[in-house]
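Trainee: Could you walk me through how to read a structure like this, feature by feature?
Mentor: Sure, let's open it up and go through it together.

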Amino acid sequence: MFSKLKAELDAVMARDPAARSRAEVYFLYSGFKAVRSYRKANWFFRHNMKFIARYISQRARRKTGIEIHPGATIGKNLFIDHGMGVVIGETAEIGNNVTLYHGVTLGGTGKDEGKRHPTIGDNVLIGTGCKVLGPITIGANSRIGANSVVLSCIPANATAIGIP
């Protein structure tokens with residue numbers, strides 16, 4: 001448990017040049033707090049204690065401004081920088097070493113049933129204000145430019161910008 005916590009602290013330290021210490025990240029970074037709360041909520045969700053899971057996630061939302069559904073699947077070392085307004089839907093899947101900036105939505109379109117939210121590959125960076133919507137895939141090592149709206153799949157190692 002402590003090795004996973006240390007790895008997530010190290011990931012923030014490596015990706016945020018403003019981070020001065022692990023203590024600062026642990027106690028003061030809203031994105032780090034939201035991911036920690038998600039990990040607890042997800043445990044309860046997976047063990048069919050969905051009310052407790054939602055309670056934890058909604059409490060974290062009130063405290064951090066970041067809403068992560070406890071049913072989402074999130075890999076190692078997610079870094080949410082300046083996280084206010086980030087929303088991650090229930091069927092979203094996020095790979096390892098992903099970076100999200102503030103205002104990012106990994107949401108649904110309202111048109112799909114079952115898998116409704118995006119799948120994000122490893123080492124993806126999603127810029128400020130992006131909306132990635134629907135059951136689409138963002139390939140590994142991709143970059144999504146700030147304020148982009150993504151409604152279709154993006155291949156690995158690609159950069160996507162703009163609004164369709």
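Mentor: We'll take the sheet, then backbone angles, aromatic rings, a surface patch and the cysteines. Keep in mind that this is a predicted model.

Trainee: Starting with the sheet, what is the strand order, and how do the strands pair?
Mentor: Reading across, you get β1-β4-β7-β10-β13, five strands in an open sheet with parallel pairing. Now look at the two ends: β1 (67–68) and β13 (149–150) are the edge strands, and each has a single partner, so one side of each has no neighbour in the sheet.

Trainee: Can we zoom in on one pairing? How many bridges join β4 and β7?
Mentor: Two bridges, in the parallel sense, between β4 (residues 87–88) and β7 (residues 105–107). If you want a spot to click on, Val87 has Thr105 as its bridge partner in β7.

Trainee: Next, backbone angles. Which residue in the loop between β2 and β3 should I look at?
Mentor: Try Asn77, which sits in that loop, between β2 (73–74) and β3 (79–81). Its phi is positive, about 60°, even though Asn77 is not a glycine.

Trainee: Is Asn77 buried or exposed?
Mentor: Buried, because its relative accessibility is 14% and the cut-off for buried is under 20%. Then compare His82, in the loop between β3 and β4. His82 is another non-glycine residue with a positive phi, near 50°, but at 57% relative accessibility it counts as exposed.

Trainee: On to the aromatics. What describes a pair of rings?
Mentor: Two things: how far apart the centres are, and the angle between the planes. Here the count is three aromatic pairs. In one of them, Tyr26 and Phe27 have ring centres 4.9 Å apart and planes at 80°, so that pair is edge-to-face. Trp43 and Phe44 also form an edge-to-face pair, at 5.1 Å centre to centre with 90° between the planes.

Trainee: And where does Phe32 come in?
Mentor: Phe32 belongs to a cluster with Tyr26 and Phe27, linked through ring pairs.

Trainee: How buried or exposed are the residues in those two edge-to-face pairs?
Mentor: Take them one by one. Tyr26 is partly exposed at 29% relative accessibility, while Phe27 is exposed at 54%. In the other pair, Trp43 is partly exposed with a relative accessible area of 39%, and Phe44 is partly exposed too, at 23%.

Trainee: Which residues make up the nonpolar patch on the surface?
Mentor: You'll meet Trp43 again there, joined by Met49, Phe51, Ile52 and Tyr55. Together they have about 550 Å² of accessible area. Helix α4 (residues 50–64) supplies the largest share of the patch, three residues. Ile52 is placed in that helix, and at 37% relative accessibility it counts as partly exposed.

Trainee: Last one: how many disulfides are there?
Mentor: Zero, after a search of the whole structure. The reasoning is about distance: a disulfide needs sulfur atoms within 2.5 Å. The cysteine sulfur closest to that of Cys130 is in Cys153, 16 Å away, which is too far for a bond. Start from Cys153 instead and the closest cysteine sulfur is in Cys130, again at 16 Å.

Trainee: Is Cys130 buried or exposed?
Mentor: Buried, with a relative accessible area of 0%.

Methods. Residues are numbered from 1 along each chain as its sequence is written. This is a predicted model: local features need pLDDT of at least 70, side-chain atom pairs count only at pLDDT 80 or more; totals for chains, interfaces and linings use all residues. Side-chain values use heavy atoms; hydrogens and water are left out. Two strands pair if DSSP finds at least two bridges between them. Helices (H or I, at least four residues) and strands (E, at least two) are DSSP runs, numbered from the N terminus. Buried means under 20% relative accessible area, exposed over 50%, partly exposed in between (1.4 Å probe, protein chains only). Patches are made of residues with over 30% relative accessible area and no salt bridge: like charges are joined within 9 Å, nonpolar side chains (Val, Leu, Ile, Met, Phe, Trp, Tyr) within 5 Å. Accessible areas come from the Shrake-Rupley method with a 1.4 Å probe; for residues, only the protein chains shown count as cover. A salt bridge is a side-chain nitrogen of Lys or Arg within 4 Å of a carboxyl oxygen of Asp or Glu. Rings of Phe, Tyr and Trp (its six-membered ring) pair if their centres lie within 6.5 Å; planes under 30 degrees apart count as stacked, over 60 as edge-to-face and the rest as tilted.
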